[in-house]
Amino acid sequence: MRKRTVVPKLFVLTAAVFALFLTVAILMQLLFFEKYYLHSKVNLLTEGVEEFVDQYTLGDWDVVSINRQRTLFENKYNAQMTIITPDGSEKYGDVLDIMLQLDDGTVVTARSGETDILDKLEQSREAGTDIIIEGILSESGLIIPFYIENAANKQVIYDENPGNYVSLVPLEGGGSIPGQGNAAIDTVKIRGSIIYTNFSRVAQENMPLSRQELWAGVDEWFYRLRTGQMVMIPGSISNYIFKDTKNGFESIMMVNPIYHNEDLEELVIVSSPMQPVTESVQVLKNYYYYIAVIAVLCIFLLSFFYSRFISRPLLELNRIAGKMARLDFTERSPVCSTDELGDLSQSLNHMSESLDRNIKNLKMANEKLKRDMDKEKKLELMRKELVSGVSHELRTPLSIIKGYAEVIYEGLPQEKRQHYIGVILEETDKMDALLADLLELSVLESGTYVIDISEFDLGQLIIATTEKFSRHLQEKEISLQCDLQRDIQVNADKRRIEQVLSNLLSNAVKNTDHGGSIRIRVCRKQEQAYVHIENTGKNIPAEQLQRIWEPFYRVDRARNRATGGAGLGLSIVNNILDLHASDFGVINIDNGVRFCFSLPISR
């Protein structure tokens with residue numbers, strides 16, 4: 001009998017669960033979302049109205065504060081608010097809104113706290129309804145006027161600062177506030193016809209739509225109150241849904257009566273449109289047609305992947321076995337069930353651990369052998385480089401000895417022979433000292449070597465050192481320029497500094513092209529004497545500027561006779577200058593290289 005897998009059953013069950021969940025979620029939103037939204041909005045508006053009325057009845061607000069708090073309420077709750085007397089008259093009209101229609105049809109609003117402007121506006125209407133307003137443009141788009149005049153007869157209706165009026169620039173630029181100089185704020189100058197002021201409800205057709213609905217709702221509430229459909233209860237907020245018969249829009253109306261000594265004094269009325277939620281519900285209904293198709297596809301995909309969950313342990317075991325076949329034992333099987341798959345997983349893990357341990361031991365043995373071999377190769381290379389480095393350091397004095405010996409051999413007057421023999425002996429002593437230096441370098445690097453500090457003339461030492469290279473300079477036709485300051489006494493190890501100068505000059509001669517030049521310059525900076533040795537020739541590659549100080553390192557790895565020795569000279573310079581705590585280094589210059597080091601000046 002053919003075995004039936006559990007995968008199709010899991011697939012059908014999973015798809016059914018997801019489909020049921022999606023269906024319930026869509027039905028809940030379609031049937032109850034609008035009611036839930038309305039209930040939540042009524043509660044939110046009720047809390048906001050109660051909070052506003054509580055603060056308002058304390059009597060701590062002036063007219064400006066009342067209108068400011070009313071505006072904040074309207075912005076926060078997307079609503080319109082008015083405070084009226086029992087006879088329907090609007091209170092706190094101290095904030096005057098003037099709506100102007102410009103020549104291009106644009107409607108703008110100017111808001112002022114000076115209510116006496118209204119009377120002057122009514123008086124100036126005989127000359128025409130066009131007015132000119134100059135004021136500050138707020139971030140909300142309202143204009144705060146500080147100058148108003150009739151456009152026809154130039155009659156000044158309002159001037160915030162009479163006698164000190166400053167003409168403003170148009171909307172695109174910044175302007176000045178009268179009496180305040182050039183403040184960095186946006187100002188505007190407009191001309192238009194008055195189509196509405198909030199002190200009059202005669203021209204309601206010119207009101208903003210939300211304001212029209214507010215006053216239509218107020219009229220509806222008074223009608224319901226007169227016909228007994230509504231009853232005012234002190235301390236409670238009345239609310240109802242008002243539908244404007246003109247445009248069909250619905251709004252939530254809230255009325256909070258304010259009593260004083262059991263007498264009705266004021267009514268706080270709020271109107272909030274329901275159109276956003278109605279539109280949202282309709283959009284959701286249309287949206288669900290598309291989301292349903294996508295959701296069905298997602299359900300099938302999720303069900304398919306979920307149904308494969310049963311086969312995951314086998315796939316995981318197969319993956320681990322494949323990694324073991326590639327000698328990768330870094331991962332263990334996570335299957336830990338109590339069935340046969342769990343037993344197989346444990347056996348696979350034990351085998352992986354055993355193989356991993358044995359192979360690691362073998363790798364460690366191989367790595368140790370490789371390290372030993374690398375160490376042996378490194379020691380052999382160091383021995384070769386040491387021999388090469390010694391030959392590099394000995395080549396210069398040997399060349400000098402050979403040159404002087406050849407001159408003596410060719411025949412010299414007796415008076416010069418003694419001098420040349422003395423030079424040969426001196427160079428022989430230096431070679432002996434150099435061999436000693438090679439042994440001392442190991443001591444230098446161990447930190448136990450102590451330099452012999454003495455006071456000497458730096459300029460004289462430089463001149464004496466350069467004289468020893470006169471023949472080499474002549475052979476390559478290299479010009480030598482020395483810019484030395486006199487009587488610079490320094491405290492240093494004279495023999496070691498002479499060795500530094502000799503190595504640097506030798507390096508400069510080797511790297512200077514035929515017919516090039518070498519310049520030695522000494523300058524004083526505070527309590528330090530700086531020696532600069534420059535030579536023309538090729539620059540050192542930037543990535544090798546720091547490596548040239550390493551033992552046996554050379555820019556030219558060929559180590560031919562034309563370019564120098566084993567690279568030990570600059571390493572010796574590095575160690576000697578480090579012991580002197582010298583500020584030294586090397587930089588590339590135009591058509592050459594400059595070495596520099598410092599020594600302390602004697603006090």
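Trainee: What is the relative accessibility of C482?
Mentor: This is a predicted model, where local features need pLDDT of at least 70, side-chain atom pairs count only at pLDDT 80 or more, and totals for chains, interfaces and linings use all residues. Residues are numbered from 1 along each chain as its sequence is written, and side-chain values use heavy atoms, with hydrogens and water left out. Buried means under 20% relative accessible area, exposed over 50%, and partly exposed in between (1.4 Å probe, protein chains only). C482 counts as partly exposed, with a relative accessibility of 34%.

Trainee: How many disulfides does the count give?
Mentor: A disulfide is a covalent bond between the sulfur atoms of two cysteines. The rule asks for a pair of cysteine sulfur atoms within 2.5 Å. By this rule, the number of disulfides is zero.

Trainee: Which cysteine has the sulfur nearest to C523?
Mentor: C523 is in no disulfide. The nearest cysteine sulfur is 7.0 Å away, and it belongs to C596.

Trainee: What is the relative accessible area of C523?
Mentor: C523 is partly exposed. Its relative accessible area is 21%.

Trainee: How many salt bridges are there?
Mentor: Side chains of opposite charge can pair when their charged atoms come close. A salt bridge here is a side-chain nitrogen of Lys or Arg within 4 Å of a carboxyl oxygen of Asp or Glu. By this rule, the salt bridges number 14.

Trainee: Which residue forms a salt bridge with K154?
Mentor: The closest N and O atoms of this pair are 4.0 Å apart. The partner is buried, with a relative accessible area of 11%. That partner of K154 is E149.

Trainee: Why are K368 and D372 separated by about one helical turn?
Mentor: K368 forms a salt bridge with D372, the closest N and O atoms being 3.5 Å apart. K368 is partly exposed at 49% relative accessibility, and D372 is partly exposed at 41%. Helices (H or I, at least four residues) and strands (E, at least two) are DSSP runs, numbered from the N terminus. The pair is separated by about one turn because the two residues are four apart in helix α7 (residues 340-410).

Trainee: How many residues apart are D483 and R519?
Mentor: Their side chains meet in a salt bridge of 2.9 Å, N to O. The pair links distant parts of the chain, D483 in strand β12 (residues 479-483) and R519 in strand β14 (residues 517-525). In residues, the gap between them is 36.

Trainee: Which residues do salt bridges that share partners join into one network?
Mentor: The bridges have partners in common. The network consists of E406, R471 and E475.

Trainee: Which residues gather in a patch of negative charge on the surface?
Mentor: Patches are made of residues with over 30% relative accessible area and no salt bridge; like charges are joined within 9 Å, and nonpolar side chains (Val, Leu, Ile, Met, Phe, Trp, Tyr) within 5 Å. Lys and Arg count as positive and Asp and Glu as negative, with His and the chain ends not counted; a charge is placed at NZ of Lys, CZ of Arg, CG of Asp or CD of Glu. One of the patch residues, E50, lies in helix α1 (residues 7-57) and is partly exposed, at 40%. The patch holds E47, E50, E51 and D54.

Trainee: What area does the nonpolar surface patch have?
Mentor: L20, V24, L27, M28, L30, L31 and F32 make this patch. L30 is found in helix α1 and counts as partly exposed at 32% relative accessibility. Accessible areas come from the Shrake-Rupley method with a 1.4 Å probe, and for residues only the protein chains shown count as cover. The patch covers about 660 Å².

Trainee: Is V49 buried or exposed?
Mentor: V49 has its place in helix α1. Its C-alpha is 8.2 Å from that of V268, 219 residues apart along the chain. At 1% relative accessibility, V49 is buried.

Trainee: What separates the C-alpha atoms of L501 and V573 in space?
Mentor: L501 lies in helix α11 (residues 494-511). L501 is buried, at 2%. The two residues are 72 apart along the chain, yet their C-alpha atoms are separated by 8.6 Å.

Trainee: What is phi of Q526 near?
Mentor: Most residues other than glycine have a negative phi, and most peptide bonds are trans. Q526 lies in the loop between β14 and β15, and is exposed at 72% relative accessibility. Its phi is positive, near 55°.
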